[in-house]
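Visitor: Please take me through a single helix in close detail. Which residues does it hide, which does it show, and what surrounds it?

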Amino acid sequence: MSAKAISEQTGKEFLYKYICTTAAVQNRFRCATFTADTVWDRLAQDHPWLLTERLIVKPDQLIKRRGKLGLVAVDLTLEGVQEWLKSHMMTEITVGKAKGILKNFLIEPFVPHYKEEEFYVCIYASREGSQVLFHHEGGVDVGDVDTRAQRLSVRIDDKLTEEMVTQQLLIHVTDEKKEVLASFIMGLFNLYEDLYFTYLEINPLVVTKDGVYVLDMAAKIDAAADYICKAKWGDVEFPPPFGREAYPEEAYIADLDAKSGASLKLTLLNPRGRIWTMVAGGGASVVYSDTICDLGGVDELANYGEYSGAPSEQQTYDYAKTILSLMTHEKHPDGKVLIIGGSIANFTNVAATFKGIVRAIKDYQGPLKEHEVTIFVRRGGPNYQEGLRVMEEVGKTTGIPIHVFGTETHMTAIVGMALGHRPIPNQPPAAAHTANFLLNTSPNAATPARTRNPSFSEHKLSNNVTDVMTPTAGAPPVSTLCHSWSVMVMCNAAVKAKPTTLFSRQTKAIVWGMQTRAVQGMLDFDYVCSRDEPSVVAMVYPFTGDHKQKFYWGHKEILLPVYKNMADAMKKHPDVDVLINFASLRSAFDSTMETLQYPQIHTIAIIAEGIPEALTRKLIKSADEKGVTIIGPATVGGIKPGCFKIGNTGGMLDNILASKLYRPGSVAYVSRSGGMSNELNNIISHTTDGVYEGVAIGGDRFPGSTFMDHVLRYQDTPGVKMITVLGEIGGTEEYNICQGIADGRITKPVVCWCIGTCATMFSSEVQFGHAGACANQESETAVAKNQALREAGAFVPNSFDELGDVIKFVYDDLVANGIIVPAQEVPPPTVPMDYSWARELGLIRKPASFMTSICDERGQELIYAGMPITEVFKEEMGLGGVLGLLWFQRRLPRYACQFIEMCLMVTADHGPAVSGAHNTIVCARAGKDLVSSLTSGLLTIGDRFGGALDAAAKQFSKAFDSGLLPMEFVNKMKKDGMLIMGIGHRVKSINNPDMRVQILKDFVKQHFPSTQLLDYALDVEKITTSKKPNLILNVDGFIGVAFVDLLRTCGGFTRDEADEFVEIGTLNGIFVLGRSIGFIGHYLDQKRLKQGLYRHPWDDISYVLPEHMSM
């Protein structure tokens, strides 16, 4: 989620509808949209002012400086507008580097006015608050408003007043217009805050004697605030940037994203391109795009997108099949490549997501081979080895060339392979496994270093390594930079408003949210770091009562308290100074603000993504006032090796060990991306003595803490010898690092690279995965920031591929000069693997406690006996069809489904006098609930009431199958002293037939292929009714024998299967299910009639007592 541009019409509709001002806003709602499908007569009917007003027409497609480009026609009649649109509609134009088609226009009344009546006003968000810009000369020639306009900063939670507007913004405005403008700007600012705008510009704003006219408007709103503003926004459409079409596939993925807790993004750049990507992680997706463009693939790059946040197998399948469908629309003469890449995941189960991708590849194997698609895969993280295995396997079984690599390969090396810049190695994947941390198999203490495939560009570094890595002329060498460290630490330690050290081996934390897996990961990390006690002391979860939750500390089970409210947790654990907040985006703000009320808390990590910017800025303000460091929102957290880790940071224990995160190194880093922070752990562990501390500040535009906050902490931390920063396109925070280096505040060597360099190569604006990853001006581009950092004296590589080599170069220099002395490795203690995870990895097996063959709810869609629920409804199977699937595991014929439904209908009820209904009524009148009342009625069902279906089916079947004649059967039952089940009725008789039986009989005779057993039972009925007229074949008996005929003759069952269903009590289930309908009806009827407690009358009871006996 991010600040997203809206159309001018949408922005004006918001303004006209919700602005509150004493200024007379003219031409309210006089905006007409025209597209190629618009009918003029209908448009004029909806907007009659089109026929009477002079008009203005312009495209409404996020095009800047339309007036300068000659795209605004003014003072026209409707006929003039029609002529102008004929020459402009569906024409292609070029704006900057973007080439697009004009297809959406806005028609408004023309406002005659003088030049001096034009003004400029703009409101936009900054970290500290909101900036209001005003210039007394508006219009197309307004020029550089940043330098010319009057500026008013409104800090967070401060109120804007008309006096402030008048005194600070309207100093060049004539007196007669000040009151109107001040009121309008006040109303505009309140509108901006209430509707969560992030940018709102009006130019020109015209003020005449008649009132205020909003002529041209540009706006962005915070899409993350949809859950707050939905009632006012309605369904907002976000148009694509000019030059890029809106595709239905993008809308489909956006809808998937909105319905998922994961992050799914897709932007089509060139649907005819040959290079397609499917990258996991917001930061990693940018890095892959950068590398493709660096290698000359910008014109062939088809898409930008990312999937992250642990999407399910089904969600990944839906995402992957969308990509594969798009890339197989049309062929490319050179074939196509698909890059399935990603950094090392922190918590996403790589195997689960890859299984979704594999399903999609299998579904599209034909088109993929037809379009000559080659796939390159690189991934790491939890269970990644299994994911790589299934990916490699599908390549072998389908014949699609799939090249698979793990963490032994540099993250972007596969791009060079895919684009032909480097050979594809033939070595098999590493034999490492996620379960490697179970036992320390290495004979020595050192953690074995894995081999790493070099990046595509590493061969270039051997010749000019010094040129690439040495700062701009004038910057001192690395070793010289280090001499003043101790002095700087001593001078600045006392003036820090917030603690320099966020985490130590004694840090205690509370986790907000029932995140048991993350907590167990933290405890396992604590254990391998040889901490004396767990770092997590309690959890807060307001949706349950206070209780204990079981975890493991090494081999031992421990209990951690879970509190319903924060106050109790803080009171009982006064030594806690860190809170890790896993609350959802809707509750993260309130829970964090509550936490800030407790002075003992010094650090808060906010994991949730999608918190509205306005709320985040309030959190930042409150935290700054209280001296609290916020990490996040939209982050995985951070890690301090040997001390503490936040939540899922660092991934599984195998990655913790492989990246040597169980003990401190000498390199501290800060990044925006959580996934890329884990990749930095990997890179730093291979090129240096390891990580001292690492923080992912989060991908939002305004993270709780900044790059500079953490760089200064690292500067003031003696254990940190060098600093690595992974910056990003968007924002200007990296320039503070430049200034810090220039001012001498930062003296330790800084290795820095800003990702997103590809953005300057795209013809249209692209919003990358992180909310803050979008440049609004030249200085916010990654290219500009990398150049500024290089000039300031930071060590800046030529690309992300070279980042590891630059880090190694700086580290080696520090070691050579004695500033870093690598410590001897100490093996960490081993930690047993959790049973659930070992089972998921396939390392152990255990007989299941339950088996089921009728239903599966685990996937994206509920499945009944192999049939998806959507198919059940699509084919209108009805209740009978569902019962057939769940009871018989068969798709029964239509007549069988109808018969089942008829049986349920005729057995639904038989009045309040029968024992089951009577019990239900008595129970209901005793004040019992629905389930209790229903159960009391069902418990009366047996051979004497309603349970005769099974018994009748068995008796008649046995007699028929034995060859007994009907008379022989009747005589035998009489001789044995047994009742014939299903024969007899207390009310109905041969002279007063049961219409329920007659209805069923007519249907069965008409639709069943054979009714041998029914005919046999009817012959028995003739004999019994000749003796007594009420000894008829009753409804229970009829259903029992008819069902046997159905099972034996419908073609869906063998004879043994049919007999088994009778034997296990299936037929009685029909009566139980049907009669439950009636019992529930009686319960509801008694409640509706408000009947009181039932007491049986004395005169209806015969009291038979023994005579009194005396001694």
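Guide: On one side of helix α39, Asp1056 and Glu1063 are exposed (over 50% relative accessible area, 1.4 Å probe, protein chains only). The opposite side holds Ala1058, Phe1061 and Val1062, which are buried (under 20%). The helix spans residues 1055-1063; helices here are DSSP runs of H or I, at least four residues, numbered from the N terminus. Seen down the axis, the buried residues fall within an arc of 100°, so they line one face of α39. That arc is taken from the directions from the helix axis to the C-beta atoms.

This is a predicted model: local features need pLDDT of at least 70, side-chain atom pairs count only at pLDDT 80 or more, and totals for chains, interfaces and linings use all residues. Residues are numbered from 1 along each chain as its sequence is written, and side-chain values use heavy atoms, without hydrogens and water.

What does the buried face meet? It packs against α30 (878-888), α34 (948-961), α38 (1035-1049) and α40 (1066-1089), with contact meaning heavy atoms within 4.5 Å. After α39 comes Gly1065, with a positive phi near 95°.

Phe1061 also joins a cluster. Ring pairs link it with Phe888, Tyr895, Phe899, Phe1008, Phe1043 and Phe1053. Rings of Phe, Tyr and Trp (its six-membered ring) pair if their centres lie within 6.5 Å; planes under 30 degrees apart are stacked, over 60 edge-to-face, the rest tilted. Phe899 and Phe1043 form a tilted pair, 5.7 Å centre to centre with 55° between the planes. Phe899 lies in α31 (residues 894-906) and Phe1043 in α38, so the pair ties together parts 144 residues apart in sequence. Phe899 is buried at 0% relative accessible area, and Phe1043 is buried at 1%.

Terms used:
Helix = DSSP H or I, 4+ residues; strand = E, 2+ residues; numbered from the N terminus.
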